[in-house]
Amino acid sequence: MKQIPLAALRLLRTPSAAVGATILLIVLAAAASASWLFPDDPLEMVGAPFTWPGEDAAFPAGTDLMGRDILAGLFHGARVSLLVGGASAAIALVIGLLVGAFAGYAGPRTDAVLMRITELFQTVPSFLLAIVLVAIMGPSLATIIFALGVTSWTGIARLTRGEFISLREREFVRAAQTLGASHARIIFLEILPNALPPIIVTTAVLVAHAILSEAGLSFLGLGDPNVVSWGSMVGAGREALRTAWYMTALPGLTIMATVLALNLLSDAINDALNPKLRRHRVAPAPAAAR
């Protein structure tokens, strides 16, 4: 765990991390200020339909085909996307950590059972399974978060399992066992903190994947009809794609920027937590002696 504070210092000096963090902070600021800047319901019709960006000062980003303020939708949609991304990633993280930790620590029989369950979930595409779950339980924000969370944990489980298998034979684990530490203490206080660095990297990717999946569900009409999201805005604007492309372009660019920011942060965190990767780069050949 001592490497994490040092990694944070290296992270601050990474240009990609600065770009990603800046974009993500803008999105977070938009989500936090949505109710203050746009107190009305973003689903209400507030202006003339098909108002292009810059055409009316009251609607800087224009209006959609129903006369709804697109800028208000972008701000309020940031809340939904970040909530879905963070909450579903947290569910996947908890399930994946528990499955991977017990599979990698408990022994071959438990490992075999848990890995067969993991493979069972991996046989069905996660997005397709999420569609089925949302269709069965009904499209709401809670069901979308649940569906995306329970279909995205397999990668975390396999990663955690691999880390536990490589760490459970280390000296500090043997010392804890010799001192009579319980299995729960060894798993959660000895091995898990040392397995966190690659898991932290994967968590950022999970959030980005959840944001894209929520946009896909909303685009297909399986989003919560009571809230506005970037995916539902893209889905609503597809009917006027040829005549008013800005309706899909603006929320689409917002999704792209947020996912790009999370991927940049993920790559930067990976480089910061694994400084040895930089040492393995090929060094230039020394100049020939004269």
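The protein has 13 helices and 0 strands. Bear in mind as you explore that this is a predicted model. From the N terminus on, the elements run α-α-α-α-α-α-α-α-α-α-α-α-α. Of the 290 residues in the protein, 42% are buried. Looking at contacts between residues at least 6 apart in sequence, you will find that 73% join residues at least 24 apart.

**The nonpolar cores**

- Start with the largest nonpolar core, which holds 49 residues. Ile70, Phe164, Ile191 and Trp230 are the members that touch the most other members.
- Several helices give two or more residues to this core: α2 (15-32), α4 (70-106), α5 (108-122), α8 (154-167), α9 (171-178), α10 (183-219), α11 (230-237) and α12 (246-273).
- Apart from this core lies another one, made of 11 residues, including Val80, Leu141, Ile145 and Leu222.
- Phe164 is a good residue to click on in the largest core. Leaving aside its neighbours within four places in sequence, Phe164 is in contact with Ala101, Gly104, Tyr105, Ile187, Ile191, Leu192 and Ala195.

**Helix α10 and its bend**

- If a helix of 37 residues were straight, it would span 54 Å at 1.5 Å a residue. The end C-alpha atoms of α10, however, span only 46 Å.
- Where along the helix does α10 bend? The bend is at Leu192 and comes to about 55°. A proline, Pro193, follows within four residues.
- Leu192 also appears among the contacts of Phe164, so you can look at both features in one view.
- Just after α10 comes Gly221, which takes a positive phi of about 85°.

**Helix α6, for comparison**

- Helix α6 covers residues 126-137 and has 12 residues, so at 1.5 Å a residue it should span 16 Å. Its end C-alpha atoms are indeed 16 Å apart, which agrees with that expected span.
- Just after α6 sits Gly138, with a positive phi of about 100°.

**A buried charge in α10**

- Glu214 is found in helix α10.
- Is Glu214 buried or exposed? Glu214 is buried, yet it has no salt bridge.
- The nearest side chain of opposite charge belongs to Arg238, and it is 13 Å away.
- Leaving aside its neighbours within four places in sequence, Glu214 is in contact with Val80, Ser81, Val84, Ile144, Leu148, Ser229 and Gly231. One of these, Val80, is also a member of the core of 11 residues.

**Salt bridges**

- Side chains of opposite charge can pair when their charged atoms come close.
- How many salt bridges are there? The count comes to 6.
- Glu119 and Arg116 form one of them, with N to O at 3.0 Å. Both residues lie in helix α5, 3 residues apart, which is about one turn of the helix.
- Glu119 has a relative accessible area of 32% and is partly exposed. Arg116 is partly exposed too, with a relative accessible area of 45%.
- Glu169 makes a salt bridge with Arg168, where the closest N and O atoms are 3.9 Å apart. Glu169 also makes one with Arg174, and here the closest N and O atoms are 2.1 Å apart.
- Glu169 is partly exposed, at a relative accessible area of 46%. Arg174 is partly exposed as well, with a relative accessible area of 41%.
- Salt bridges that share partners also join Arg116, Glu119 and Arg158 into one network.
- Arg168 counts as partly exposed, with 26% relative accessibility.

**Ser33 in a loop**

- Ser33 lies in the loop between α2 and α3 (34-37).
- Why does Ser33 count as buried? Its relative accessibility is 16%, and buried means under 20%.
- Leaving aside its neighbours within four places in sequence, Ser33 is in contact with Phe38 and Phe75.
- Ser33 and Arg79 are 46 residues apart along the chain, and their C-alpha atoms are separated by 9.7 Å.

Notes. Residues numbered from 1 in each chain as written. Predicted model: local features only at pLDDT ≥ 70, side-chain atom pairs only at ≥ 80, totals over all residues. Heavy atoms only, no water. Core = buried A, V, L, I, M, F, W, Y, C linked by side-chain atoms within 4.5 Å. Buried < 20%, exposed > 50% of the residue type's maximum accessible area, 1.4 Å probe, protein only. Contact = heavy atoms within 4.5 Å. Expected span 1.5 Å × (residues − 1). Bend = angle between axes of the 7 residues up to and from the residue. Lys, Arg positive; Asp, Glu negative; His and termini not counted. Salt bridge = Lys/Arg side-chain N within 4 Å of Asp/Glu carboxyl O.
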